[in-house]
Amino acid sequence: FQVGFQKILTLTYVDKLIDDVHKEFRDKYRNEFQQKGTLGLLNGTFDFKEDFLHLLREAEESSKIRAPTAMKTFEQSVKSQKTVKSMIETRGEKPKEKVKNKKNKGSKKEASGTEAATVPSKAAPDAKQNPLAATGDREELTKDEILQKNREEFFKKRLKGGEKSNKSPKPETQKEKGKKPRVWELGNSNAKVLDYSNSTTNGNTDTCPTEEYDPDMALGDRDREPGRLYDLEYESDEEEPEEEKVIQNPSQPRAKKGGLGGMFGMLKGLVGSKSLTREDMDSVLEKMKDHLIAKNVAADIAVQLCESVAKKLEGKVMGTFTTVTSTVKQALQESLVQILQPQRRVDMLRDVMDAQRHRRPYVVTFCGVNGVGKSTNLAKISFWLIENGFSVLIAACDTFRAGAVEQLRTHTRRLNALHPPESHGGRTMVQLYEKGYGKDAAGIAMEAILYARNQGFDVVLVDTAGRMQDNAPLMTALAKLIAVNTPDLVLFVGEALVGNEAVDQLVKFNKALADHSMAQTPRLIDGIVLTKFDTIDDKVGAAISMTYITSKPIVFVGTGQTYCDLRSLNAKAVVTALMKA
């Protein structure tokens, strides 16, 4: 135990005990070893327990008798021998004391187990003559301990000398100078392999080899039903009953507390003999507006929602045993559900099958600002379409961002690993069409659609570069791409983290598409993909802001990092989260 766990249990007498046991055992059985030889070792009985316990007690007592270590006085320390002149350093000179201290520190590391401070060079001869002087006055050692430490120092010196003499000579072949590039495990140092600008790679499955990896990392829930797009769920806690405002007729005098008049007045207000006025609802609507803004609904939209609820309820006679708060809250919930359920519903699977009957690919274009997750959610939608039996061609039209093509290539490899051609009758379910960087995005999209038509792909997903809504040249290029290729569906990808910015983004994207379009009826945004929904808890106001400003549906909701983390919007679940206190 002492050998294995020296730091846990520190015993000062262990070395002495081992030496004493060695000597005692050797002296006691020396004659028996010499007379009987090897047979004596095999057949002999060595009763040494009592002797060992006796030696252990002696070692423990000797450690207790030893005087406690005394602290050095200032006069005995090295610092007291320094002068002010020795502490002053001049430029260009190396201080001698520091060199000595470094040597002393090195010797300190060599001498393991000693706790003595560094001694000046003048005291070195005395230390050689008297071994006890080397340890100072801090502790008194026995003769056996001094011998043991001298042996250790001797062996260490011999080992160091051997290491120096055994050093191999310098090899004749010198190492190559210069820094070598690091080769990553999954990377490739060949620049030709990393060059994706060659158009002949499109459609060749050899350039997208299958990748082996853990499917649980990409799929998440393995118990799900393949190809099914689950609804967004939200588990709400039971809301605590809040204090609700009861209307009383202001024309009647207020009854005294505790009287029969107060009770009858309250009952009269509950029964619903009075119609709602704007003054009755103002305080409740103000609280509702602040609540909506706190849940990430844009401020202007929160005001408009409350105004529409006030106009709807003004003059309405309240129901029996209802309060203002519950009435306003119920009306607001109905309005929010109606906003999240627009008249036009996007059914992508139905539209893809309709395009199949006309023998043409169904084209979807993704657009949005930088960093909202366009490429990631494009890969999720690709996985969902593949599980429903449709082949997908991904058009890499983000020719600006570094790594955009490589990101889509990695997704293509992983999707092909999850759905290999062997599982689909030898048909490759997803391919990447790309032309490298710095090219015209509209031209690449047109070529990809033509290639998909010739090769019989069911769906073309066009990935575009992220752009801010205020960047006029990039917005013009996006409008050109949509006007030239006339996709079946234009999806705006926005993140659920934004508040007022969601309104600004959608308004300016739609305005840019309308202004820069050459057609008489310009093509605008058809639907919304709401990403990063798993990061906002119950602050779901961005969904209300986006659908209110565009009157377009939220087609998909991204809820995580795996391919299965794609949901359809559940309006009631979103409204429940929004109205949660």
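## Worked exercises on a predicted model

Arg-359 sits in the loop that links helix α14 (348-357) to strand β1. Helices (H or I, at least four residues) and strands (E, at least two) are DSSP runs, numbered from the N terminus. The model is predicted, so local features need pLDDT of at least 70 and side-chain atom pairs count only at pLDDT 80 or more, while totals for chains, interfaces and linings use all residues. Residues are numbered from 1 along each chain as its sequence is written, and side-chain values use heavy atoms, with hydrogens and water left out.

**Exercise 1. Describe the backbone and the exposure of Arg-359, then do likewise for Lys-532.**

Step 1. Start with the backbone at Arg-359: its phi is near 55°, a positive value in a residue other than glycine. Most residues other than glycine have a negative phi.

Step 2. Arg-359 counts as exposed because its relative accessible area is 76%. The classes are buried (under 20% relative accessible area), exposed (over 50%) and partly exposed in between, with a 1.4 Å probe and protein chains only.

Step 3. Move on to Lys-532, in the loop between β6 (527-531) and α20 (541-550). Phi is near 55° at Lys-532, again a positive value in a residue other than glycine. With a relative accessible area of 29%, Lys-532 is partly exposed.

**Exercise 2. Sum up the whole protein: its helices and strands, its buried share, its contacts and its surface.**

Step 1. Count the elements: the protein has 21 helices and eight strands.

Step 2. Of the 581 residues, 37% are buried.

Step 3. Take the contacts (heavy atoms within 4.5 Å). Among those between residues at least 6 apart in sequence, 78% join residues at least 24 apart.

Step 4. Finish with the surface: about 37000 Å² is exposed, and carbon and sulfur atoms supply 52% of that area. Such areas come from the Shrake-Rupley method with a 1.4 Å probe.

**Exercise 3. Find out how confident the predictor is, and where the pLDDT is below 50.**

Step 1. Look at the average: the pLDDT (the predictor's confidence in each residue, from 0 to 100) has a mean of 76 over the protein, and 69% of the residues score at least 70.

Step 2. The pLDDT is below 50 over residues 107-139, a stretch with 32 contacts in the model beyond near neighbours in sequence. Residues 267-271 are also below 50, with 13 contacts beyond near neighbours in sequence.

**Exercise 4. Work out the strand order of the sheet and the surroundings of β2.**

Step 1. Write down the order: the open sheet of eight strands runs β3-β2-β4-β1-β5-β6-β7-β8, with mixed pairing. Two strands pair if DSSP finds at least two bridges between them. The edge strands, each pairing on one side only, are β3 and β8 (566-567).

Step 2. Look at the neighbours of β2. Four bridges join β2 to the parallel strand β3 (residues 430-433), where Val-430 stands opposite Val-392. The chain passes from β2 through helix α16 (residues 404-418) to β3 in a right-handed β-α-β crossover. Right-handed means that, with the strands pointing away from the viewer, the path from the first strand over the helix to the second runs clockwise.

Step 3. Turn to β4 (residues 459-464), which is parallel to β2 and joined to it by six bridges. Here Cys-397 faces Thr-464. Strand β4 also runs parallel to β1 (residues 362-367), with five bridges between them; Val-363 stands opposite Val-460.

Step 4. Check the burial. Six of the six residues of β2 (residues 392-397) are buried, so this strand is largely enclosed by the rest of the structure. In a regular strand the side chains alternate between the two faces of the sheet. On one side of β2, Val-392, Ile-394 and Ala-396 are buried, and on the other side Leu-393, Ala-395 and Cys-397 are buried.

**Exercise 5. Locate Leu-336 and Asp-20, and list their contacts beyond four places in sequence.**

Step 1. Leu-336 belongs to helix α13 (residues 324-340) and is buried, with a relative accessible area of 0%.

Step 2. Leaving aside neighbours within four places in sequence, Leu-336 is in contact with Leu-305, Ile-544, Val-575, Leu-578 and Met-579. Its C-alpha atom is separated by 8.9 Å from that of Lys-572, 236 residues apart along the chain.

Step 3. Asp-20 is in helix α1 (residues 14-36) and counts as buried at 18% relative accessibility. Leaving aside neighbours within four places in sequence, Asp-20 is in contact with Leu-55 and Asp-144.
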